[in-house]
Amino acid sequence: MNCARCGACCTSFGVCITPSDIVRISLATSMRPSQFVDTVQDYPNREREEPALFIDKEKQILVLKRSKENVCFFYSDEGCKIYHYRPLLCRTYPFGEGMKSMCSRACPSEWAPEGSEREQYGHDIFLYEKELAEFQKFAKEWNSKGGGSLSKLLKALLSP
Ligand code: SF4
Ligand code: SF4
């Protein structure tokens, strides 16, 4: 019943991020958001709930950049390079509200955290839901004003 540590979740698909993730990673690494934030075009029936944003007149989703090996920008053979401040999606993966296993294309294992690890997952899922709700509000406002460029968006996300 444990995560197989296979790394499929870090290497298979794009990783959605929230504005709060961007701020946390930027502060912890001293990297500018433009160094690690990327976008992909929105597409139907996706499994994540992060809102799409109008960027350069197209509906796009915020994700972590990928390396030239086409894996997460922060992935290394030793594991996650930003483990302590990795996005909440990574912290909670592959679970959702109520610790239910989410529909997930990347995770090949059936597993569930136990004991203190389960408590930590519960805490992170709660936080993730809260930050997603804030992100939804931000996206509604951003989109209602017609959106803009990625750099304008990153400035707006980071402004207090
Ligand atoms: S940020 Fe870390 S945990 Fe998340 S996908 Fe990238 S390497 Fe994996
Ligand atoms: S969460 Fe799933 S995909 Fe990710 S390392 Fe664990 S078993 Fe592999």
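These points go through the pocket, the two ligands, the nonpolar core and some single residues of a predicted model.

1. The largest pocket has a volume of about 1,100 Å³. Its lining has 44 residues, of which C9, C10, L89, C90 and Y93 are the closest to the centre of the pocket.

2. Several elements take part in that lining. Helices α1 (8–11), α4 (88–92) and α5 (115–144) and strands β3 (58–64) and β5 (79–80) each supply at least two residues. Helix α5 has the largest share, with 4 residues. By class, the lining divides into 29 nonpolar, 6 polar and 9 charged residues.

3. Ligand 1 takes up space that belongs to the largest pocket. The residues around ligand 1 are C10, V15, L64, C72, F74, Y75, C80, I82, R86, P87 and C90. This shell holds 10 nonpolar residues, no polar ones and 1 charged. C10 and C90, both in the shell of ligand 1, are also among the residues closest to the centre of the pocket.

4. Ligand 2 also sits in the largest pocket. Around ligand 2 are C3, A4, R5, C6, G7, A8, C9, Y93, C107, P108, S109 and W111. The division here is 9 nonpolar, 2 polar and 1 charged. C9 and Y93 belong to the shell of ligand 2 and are likewise among the residues closest to the pocket centre.

5. The largest nonpolar core has 28 residues, and those that touch the most other members are I22, F36, L53, L62, L64 and F74. At least two residues of this core come from each of α2 (19–29), β2 (53–55), β3, α4, α5 and α6 (150–158). Helix α5 gives the most, with 5 residues. In soluble globular proteins, nonpolar side chains tend to be buried together. Two of the core residues named above, L64 and F74, also appear in the shell around ligand 1.

6. The backbone has a cis peptide bond between Y93 and P94, with omega about 0 degrees. P94 is placed in the loop between α4 and α5. The other partner in this bond, Y93, is part of the shell around ligand 2.

7. R5 is not a glycine, yet its phi is positive, at about 50 degrees. This residue lies in the segment before α1. With a relative accessible area of 65%, R5 counts as exposed, because the cut-off for that class is over 50%. R5 is also one of the residues around ligand 2.

8. N70 likewise has a positive phi without being a glycine, here about 65 degrees. Its place is in the loop between β3 and β4 (75–76). A relative accessible area of 49% makes N70 partly exposed, since exposed requires over 50%.

9. G79 lies in strand β5. Its relative accessible area is 21%, so G79 is partly exposed; buried would mean under 20%. G79 and S144 are 65 residues apart along the chain, and their C-alpha atoms are separated by 39 Å.

10. E134 belongs to helix α5. At 41% relative accessibility, this residue is partly exposed. From E134 to A4 the C-alpha distance is 32 Å, with their positions 130 residues apart in sequence. A4 is in turn one of the residues around ligand 2.

Notes: Residues are numbered from 1 along each chain as its sequence is written. Chains are lettered from A and ligands numbered from 1 in the order in which they are written. This is a predicted model: local features need pLDDT of at least 70, side-chain atom pairs count only at pLDDT 80 or more; totals for chains, interfaces and linings use all residues. Side-chain values use heavy atoms; hydrogens and water are left out. On a 1 Å grid over the protein atoms alone, a cavity is a set of points where a 1.4 Å probe fits but cannot get out, and a pocket is an open set with protein on both sides within 12 Å along at least five of seven lines; lining residues have an atom within 4 Å of a point. Grid points are joined across faces, edges and corners, and a volume is the space filled by probe spheres set on the points. Ala, Val, Leu, Ile, Met, Phe, Trp, Tyr, Cys and Pro count as nonpolar, Asp, Glu, Lys and Arg as charged, and the others, Gly among them, as polar. A residue is near a molecule or strand if one of its heavy atoms lies within 4 Å of it. A molecule sits in a cavity or pocket if more than half of its atoms lie within 2 Å of its grid points. A nonpolar core is a set of buried Ala, Val, Leu, Ile, Met, Phe, Trp, Tyr and Cys residues joined through side-chain atoms within 4.5 Å. Buried means under 20% relative accessible area, exposed over 50%, partly exposed in between (1.4 Å probe, protein chains only).
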